[in-house]
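Welcome! Take a look at the sequence and the 3D view, and keep both at hand while you work.

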Amino acid sequence: MIERYHTDILQLQQSLEGSVSFPGDPDYLETKSVFNAHVDKNPAIVIFPASIPDILRIMEFAGQKDMRITIRNGGHSTYGQCLIDDGLVLNMKNLNRVVVDPVAKIARVEAGALLRDLDMACAPYHLAVPAGDCPMVGVAGLVLGGGNGFLSRSFGLTCDQLVSAGMVTADGQTLELSNAINAKLFRAIKGAGQGNFGVITELVFRLSEVPESIYGGSLYWPASIAREILLQIDAPDAMSLYVRMILESRWVSMLRGQKFCMVHLSMQRIMNSRHPYESGIGWKAGYSGIWDV
Ligand SMILES: Cc1cc2nc3c(=O)[nH]c(=O)nc-3n(C[C@H](O)[C@H](O)[C@H](O)COP(=O)(O)OP(=O)(O)OC[C@H]3O[C@@H](n4cnc5c(N)ncnc54)[C@H](O)[C@@H]3O)c2cc1C
């Protein structure tokens, strides 16, 4: 298909502030490589918009050529929903600006930003959005699925902090979404909207005050005493704890092959030490037997 449109794509490329990349290009290969190493999809073309007018042009082009389109933010969706075989991928990574207004306690986040961009922009003001535990997850990808994290016990879901959003629709409209404008669509993107309604271009979040330091980490107990441990946990309501039953297979060599009950304590970036993006982790569903705890 792509060969048929080669001249048109070169023309499109000239009209964009951003760039276009083809199979084999370094940027194409980087886009294709997502968190789940089992995913192997081959888009026809990847485009990196640098502005909203770029996104409008790309959507118009895809509509005229009847090309299927998907949007890539952090690339952490479980089965690589941000990629599409033989279609057009919009990689948002160049639109990653986060502007914090510490007085109004608002952050304006471009839709290519990752959680680390959001956290790093907010932290100097001791402000935060309750969001996920892995800094390489995309803000847009996360919030469109609802989003929760270690601050959620105190402040709620990520999508509940959304004040407004910007969107470009498939038919080329630029919309603002909020409780006052396009309210139904605004509600729809808060948890059910990954790529389904249009391209999100900007997200505006309400910020919450957080202490300067929050201690966190992971505790491991043998799975055989998980019941006793879980019954004894007595944590304040504001503290988020994640409990995972795991068969250690990868990270802690001393413990490999043993079953554990693992409790994570509040720390927004904790997952990066367990799931570094480069580690080529493959996820698939499977049955691990009944755990008698
Ligand atoms: C290691 C790891 C840790 C995680 N931790 C948490 C956690 O603590 N809390 C939590 O809630 N979730 C967590 N998740 C789940 C994660 O939030 C979802 O998988 C999310 O969809 C990933 O978003 P992404 O932008 O990184 O992925 P992508 O694959 O890039 O995008 C996900 C989906 O959103 C769509 N999308 C992306 N950007 C846009 C846009 N601008 N407009 C429209 N659609 C768009 C994509 O097309 C795709 O369908 C985690 C996932 C991983 C792999």
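Below are four exercises, each followed by a worked solution.

Before starting, note that residues are numbered from 1 along each chain as its sequence is written. This is a predicted model, where local features need pLDDT of at least 70, side-chain atom pairs count only at pLDDT 80 or more, and totals for chains, interfaces and linings use all residues, while side-chain values use heavy atoms, with hydrogens and water left out.

**Exercise 1.** Find D54 and work out whether D54 is buried or exposed.

*Solution.* Start with the place: D54 sits in helix α3 (residues 52-65). Helices are DSSP runs of H or I with at least four residues, strands are runs of E with at least two, and both are numbered from the N terminus. Next, take the relative accessible area, which is 0%, so D54 is buried. The scale runs like this: buried means under 20%, exposed over 50%, and partly exposed in between, using a 1.4 Å probe and protein chains only. Now look around D54. Setting aside neighbours within four places in sequence, D54 is in contact with S15, L16, E17, G18 and P49; contact means heavy atoms within 4.5 Å. Finally, a polar atom of the D54 side chain lies 3.0 Å from the backbone nitrogen of E17.

**Exercise 2.** Find M120 and decide how M120 should be classed by accessibility.

*Solution.* First, locate M120 in helix α4 (residues 115-122). Then check the relative accessibility: because the value is 60%, M120 counts as exposed. As a last step, compare chain and space: M120 and P135 are 15 residues apart along the chain, and their C-alpha atoms are separated by 9.8 Å.

**Exercise 3.** Which strands pair with β8, and in what sense?

*Solution.* Two strands pair if DSSP finds at least two bridges between them. Strand β10 (residues 199-206) pairs with β8 in the antiparallel sense over six bridges, and here A165 stands opposite L203. Strand β9 (residues 174-178) also pairs with β8 in the antiparallel sense, over five bridges, with V168 opposite T174. Now follow the hairpin of β8 and β9: five residues lie between the strands, and G172 takes a positive phi near 80°.

**Exercise 4.** Why is strand β8 described as largely enclosed by the rest of the structure?

*Solution.* Go through residues 162-168, the seven residues of β8. Six of the seven are buried, so the strand is largely enclosed by the rest of the structure. For contrast, turn to V243 in strand β13 (residues 241-247): its relative accessible area is 40%, so V243 is partly exposed.

Notes
A polar contact is a pair of N or O atoms within 3.5 Å; within protein, one must be able to donate a hydrogen and the other to accept it, and residues adjacent in sequence count only if both atoms are side-chain atoms.
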